[in-house]
Amino acid sequence: MKSFEYTITDPVGIHARPAGILVKEIKKYASTVTVSKGEKEVNALKLMALMGMGIKQGDTVKVTIEGADEDVAAAAIEEFFKANL
Amino acid sequence: MILIQGKGVSNGVAIGPLYYYQRAKATITRYEVADAEAEWNRFKDAQAKAIEQLGELAEKAREEAGDEAALLFETHQMMAEDMEYEEAIQTAIQDTLLNAEAAVTDTAAQFAEMFAAMEDPYFQARAADVKDVSSRIIAALTGVVQGGINSPVPVILAADDLAPSETVQLDKSKILGFVTEGGSGSSHTAILARTMGIPAIIGVGDQLKPEYEGKEVIIDGGTGNVTIDADEDAKAHLLKKMEEQQKMREMLEALKGQPNETLDGQKIKVYCNIGGPDDVPAVLSNDAGGVGLFRSEFLYLNCDDFPSEDVQFEAYKKVLADMGGREVVIRTLDIGADKQIGYFNLPKEENPALGNRALRICLNRPEIFHTQLRALFRASAFGRLGIMFPMVTSVWEVKEAKKMCDRVRDELTKEGIPFSEDVEIGIMIETPAAVLMSDRLAKEVDFFSCGTNDLTQYTLACDRQNADLGRFYNPHHPAVLRALKMVCDNAHKNGVWVGICGELGADLELTETFLSIGIDELSVSPRSVLPLRQKIRETDVSQVKEKLLADLLSDENTI
């Protein structure tokens, strides 16, 4: 299992567009990706659930990647967060 | 003649027959299905069809209104194929043997409710998207197609509210403008109308009656007026306005996206002055680079007691977030003199313009200042903030104000509340003392912003509210212009940028002078942005600079 923490810099937070692209990105890998903030945790493949968390700019989220290709997936997904969120 | 008042959300005047949008409402019946697997496949087919339609709509929107409009449908596509959404529908069909139409309707309601309950208006607006996507899938299930415009001539389109997919499917050559009963300024209809440059008026409620269908109607997106069967005078007036706006729009539209750069390559920032979050759409639609003056007074003027830290925080945050990373300079409380507020209980003064006002009140009553600074720094996490202190005369005042900022930063750090480390601190230059001390003041701050209304009043010792002093109150006075040059020179020596946020900033007669003395930023009302840009782009500073600077120093230039 791999994980990293990231503080959102996008002014609107995790909104529809980056969330949608994130889902596409995750689909490339076999690993399961979860995003959590505080007590709340969602499977990042679930677009509306992810948006429903209302993650805002300045919020710190924890991203967990678990599966056969977790090393490659974790690196790519962390890159994605830095570039898009 | 019938006059209806709504809220204008997209500018312009349009005239034409009123036409009600025909919406084919699919009636949903609920029933138990015998074969859940077959019903699930029926849903999957409808879903695939909806996704395909959305792809086509995205392309159509891209051609008609650009990438941003296309994004809407791409988002809808993602929602239509969302795992969570699909799972909820699957559960309804397979576990409760519900028919697909009802399963989609229930799931849509559930997700729409989730979004509607969220705090942020961006996410709240997504409730309409979920419903829209779901109606599309239901339409594919029932085979009922959505309505269009069945009129040989272009019309003013009326509806209760239009979903984004409905607006984009409409034949644009048939629409002159929109009137809707409901809706909001940030709804997709309003955004799309603005992108397409069509006037739109929302929120007319039940004032718009079915019997008006086919009558000639004139809508004015600037005033929010809907005029039905206008009399001749009203009609002539509105038609003239329509023609003028058309010409102006064509000229200014061409300037959007262009840099504020002179013919010889000198650049200057053009920002906007605003009074509150409601002014931000105008800032963005006029393509300004930022906000150079956000007057925070409105927060204090619109209530009966001191606004709380949270109330202020929300307002500042909204502006910063809506400006999407562009710089926003917020001026701390500037009351006193001509702006009085009852609950401050300020004693009556003999000379209010020279009295207890602006930063002086803040330093005398630090608890008021402290609340505002906390709200500002908290908001700084949501964008690019500059904080500006008004009515400075001495270096110690700035030092004391900055000490308050340090205290607030320390508090927030201890409380674990995020704030930006890159907040710029600046001051207004409005007094002769600040001008004369600008070399020293420049060492304390990141920027200066010249408030030319007060600077003129104080430099010329001339009350700007006294009508008898008209010819003595001259903002073009060389004393004022020399003061600006001195401030500019001292600022630049210390790596500090200088703006002008008074009315003078938009005075096109002085644009060449401001460029010549090296002003870095002009902050003006949103409607002045594009005319100012035009003036800047026509100017060749190298041709005029020498003469204008010599004039400033010439003893013949006494006005």
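The exercises below work through a predicted model of two chains, A and B, each with a solution in steps.

Residues are numbered from 1 along each chain as its sequence is written, and chains are lettered from A in the order in which they are written. Because the model is predicted, local features need pLDDT (the predictor's confidence in each residue, from 0 to 100) of at least 70, side-chain atom pairs count only at pLDDT 80 or more, and totals for chains, interfaces and linings use all residues, while side-chain values use heavy atoms, with hydrogens and water left out.

**Exercise 1. Establish what confidence the predictor assigns to each chain and to the complex.**

Step 1. Chain A averages a pLDDT of 87, and 100% of its residues score at least 70; among its elements, helix 1 has the lowest mean, 83, and strand 4 (residues 60-66) the highest, 91.

Step 2. For chain B the mean pLDDT is 88, with 94% of the residues reaching 70 or more.

Step 3. The complex as a whole receives an ipTM of 0.83 and a pTM of 0.57 from the predictor.

**Exercise 2. Describe how chain A is built and where its helix 1 is placed.**

Step 1. Taking helices (H or I, at least four residues) and strands (E, at least two) as DSSP runs numbered from the N terminus, one finds 3 helices and 4 strands in chain A, in the order β-α-β-β-α-β-α.

Step 2. Of the 85 residues in chain A, 53% are buried, where buried means under 20% relative accessible area, exposed over 50% and partly exposed in between (1.4 Å probe, protein chains only).

Step 3. In helix 1 of chain A, 8 of the 11 residues are buried, so this helix is largely enclosed by the rest of the structure; among the buried ones are Leu22(A), Val23(A) and Ile26(A).

Step 4. These buried residues pack against strand 2 (32-37), helix 2 and helix 3 (70-84) of chain A, together with helix 2 (67-80) and helix 5 (121-142) of chain B.

**Exercise 3. Characterise the interface between chain A and chain B.**

Step 1. With contact defined as heavy atoms within 4.5 Å, the interface takes 21 residues from chain A and 26 residues from chain B.

Step 2. The buried area, which is the accessible area (1.4 Å probe) that two parts lose on being put together, summed over both, is about 2000 Å², and carbon and sulfur atoms give 70% of it.

Step 3. There are 2 salt bridges between the chains, a salt bridge being a side-chain nitrogen of Lys or Arg within 4 Å of a carboxyl oxygen of Asp or Glu; one of them joins Glu84(B) to Lys46(A), with the closest N and O atoms 3.6 Å apart.

Step 4. On the side of chain A that touches chain B, helix 1 (16-26) and helix 2 (47-52) of chain A each supply at least two residues.

**Exercise 4. Compare the settings of two salt bridges within the chains.**

Step 1. Asp59(A) pairs with Lys37(A) at 3.3 Å between the closest N and O atoms; Asp59(A) is in the loop between helix 2 and strand 4 of chain A, and Lys37(A) is in strand 2, 22 residues apart.

Step 2. Asp59(A) is buried, at 19% relative accessible area, whereas Lys37(A) is partly exposed, at 24%.

Step 3. Asp220(B) pairs with Lys241(B) at 2.6 Å; since Asp220(B) lies in strand 7 (residues 216-220) and Lys241(B) in helix 8 (residues 232-253) of chain B, the pair ties together parts 21 residues apart in sequence.

Step 4. Here Asp220(B) counts as buried, at 3% relative accessibility, and Lys241(B) as partly exposed, at 22%.
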